[in-house]
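This report describes a structural model in terms of its charged pairs, its fold, its surface and its pockets. Please keep the sequence and the structure in view while reading.

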Amino acid sequence: MTEEFNPYAAPTTEVLPGNANARSIRLENMRAESNAKAMGVFFLFGSMLALLAMFKQANVLGKELEVLHLPRASAALILPFIAGVGLCCLRRWGWGLAVVYHGFVAVINLTDLPRSIVMLLIGTIVLRFLLHRKTLRVFAKDYAGLVAATPELRSPVASWGWGMAVLCGLIAAVLAFFM
């Protein structure tokens with residue numbers, strides 16, 4: 001008996017023989033993947049908040065401050081923004097830039113320790129996440145091939161990402177209101 005085409009049947013996909021375990025590897029690392037994307041959004045929000053704060057500081061203290069601190073301010077704004085884009089897209093260069101940036105920020109915070117203990121703790125938490133075993137697996141060279149082999153899997157939004165987005169939005173609203 002010949003098999004007829006049924007247009008109302010559920011769609012089926014075949015797993016390629018070379019990537020038979022790609023789905024299981026992605027499911028195993030899905031939480032780290034979603035946390036990495038949320039960390040990228042956190043970096044993007046942080047750079048935008050730093051931009052708002054820089055404009056506020058320039059308005060309050062005068063334009064001389066903007067000219068004196070332009071290289072430091074541009075590094076503090078551009079580097080986390082680029083790292084955030086890379087982390088959101090799960091690119092290895094975004095991970096590397098984020099590690100270098102937070103390592104540099106940790107050294108700066110160590111020199112200004114009594115006032116920067118909170119920033120040092122936040123930076124340590126971010127570095128711990130970026131250097132974790134599962135995060136390193138997500139940013140491995142072969143993981144992009146696994147993502148391409150399993151397009152039906154989407155990483156969910158990290159649970160802490162929504163809270164951070166709301167908090168950053170509130171801070172941005174307060175800064176914009178008092179600007």
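Arg26 and Glu33 are joined by a salt bridge in which the closest N and O atoms lie 2.9 Å apart. The model is a predicted one, and the distances and areas given here are to be read as values computed from it. Where do the two partners of this pair stand with respect to the surface, buried or exposed? Arg26 has a relative accessible area of 2% and is therefore buried. Glu33, at 1%, is buried as well. The cut-off behind these statements is a relative accessible area under 20%.

The structure holds 2 salt bridges. Another salt bridge links Arg137 with Asp142, with 2.8 Å between the closest N and O atoms. Here the setting is described by other words: Arg137 has a relative accessibility of 25%, so this residue counts as partly exposed. Asp142 reaches 46% and is likewise classed as partly exposed. The two pairs are set side by side below.

| Salt bridge | Closest N and O atoms | Relative accessibility of Arg | Relative accessibility of acidic partner |
|---|---|---|---|
| Arg26 with Glu33 | 2.9 Å | Arg26: 2%, buried | Glu33: 1%, buried |
| Arg137 with Asp142 | 2.8 Å | Arg137: 25%, partly exposed | Asp142: 46%, partly exposed |

The fold comes next. The protein comprises 9 helices and 0 strands, and from the N terminus on its elements run α-α-α-α-α-α-α-α-α. Among the 179 residues of the protein, 31% are counted as buried.

Several pairs of residues that are separated in sequence can be located in space within this helical arrangement. Leu130 belongs to helix H6, and its relative accessible area of 0% explains why Leu130 is classed as buried. Leu130 and Ala32 are 98 residues apart in sequence, while their C-alpha atoms are 9.7 Å apart in space. Tyr101 is found in helix H5. With a relative accessible area of 18%, Tyr101 is buried, the limit for this class being under 20%. From Tyr101 to Leu127 the separation is 26 residues in sequence and 9.8 Å in space, taken from C-alpha to C-alpha. Ile171 sits in helix H9, which covers residues 159-178. The relative accessibility of Ile171 is 38%, so Ile171 counts as partly exposed. Its C-alpha atom is separated by 7.8 Å from that of Leu49, although the two residues are 122 residues apart along the chain.

Attention now turns to the surface. Which residues make the nonpolar surface patch of about 630 Å²? The patch is formed by Leu110, Leu113, Ile117, Val118, Met119, Leu121 and Ile122. Helix H6, residues 117-130, gives the most to the nonpolar patch, with 5 residues. Leu110, a further member of the patch, has its place in helix H5, residues 92-111. The relative accessible area of Leu110 is 51%, and Leu110 is therefore exposed. Membership of such a patch requires over 30% relative accessible area, so the 51% of Leu110 satisfies that condition.

Thr111 also lies in helix H5. At a relative accessible area of 67%, Thr111 is exposed. A polar atom of the Thr111 side chain lies 2.5 Å from the backbone oxygen of Ile108.

The last topic is a pocket and its lining. Rolling a probe the size of a water molecule over the atoms shows where empty space is left. The second largest pocket holds about 310 Å³ of space. Its lining consists of 19 residues, of which Cys89, Leu90, Arg91, Ala144 and Val147 are the closest to its centre. Helix H2 (30-61) and helix H8 (143-149) each supply at least two residues of this lining.

Leu90, one of the residues closest to the centre of the second largest pocket, also merits a look at its backbone. Leu90 has a positive phi of about 55 degrees although it is not a glycine. This residue lies in the loop between helix H4 (70-88) and H5. Is Leu90 buried or exposed? The relative accessibility of Leu90 is 14%, and Leu90 therefore counts as buried.

Technical notes: Residues are numbered from 1 along each chain as its sequence is written. This is a predicted model: local features need pLDDT of at least 70, side-chain atom pairs count only at pLDDT 80 or more; totals for chains, interfaces and linings use all residues. Side-chain values use heavy atoms; hydrogens and water are left out. Patches are made of residues with over 30% relative accessible area and no salt bridge: like charges are joined within 9 Å, nonpolar side chains (Val, Leu, Ile, Met, Phe, Trp, Tyr) within 5 Å. Accessible areas come from the Shrake-Rupley method with a 1.4 Å probe; for residues, only the protein chains shown count as cover. A salt bridge is a side-chain nitrogen of Lys or Arg within 4 Å of a carboxyl oxygen of Asp or Glu. Helices (H or I, at least four residues) and strands (E, at least two) are DSSP runs, numbered from the N terminus. Buried means under 20% relative accessible area, exposed over 50%, partly exposed in between (1.4 Å probe, protein chains only). A polar contact is a pair of N or O atoms within 3.5 Å; within protein, one must be able to donate a hydrogen and the other to accept it, and residues adjacent in sequence count only if both atoms are side-chain atoms. On a 1 Å grid over the protein atoms alone, a cavity is a set of points where a 1.4 Å probe fits but cannot get out, and a pocket is an open set with protein on both sides within 12 Å along at least five of seven lines; lining residues have an atom within 4 Å of a point. Grid points are joined across faces, edges and corners, and a volume is the space filled by probe spheres set on the points.
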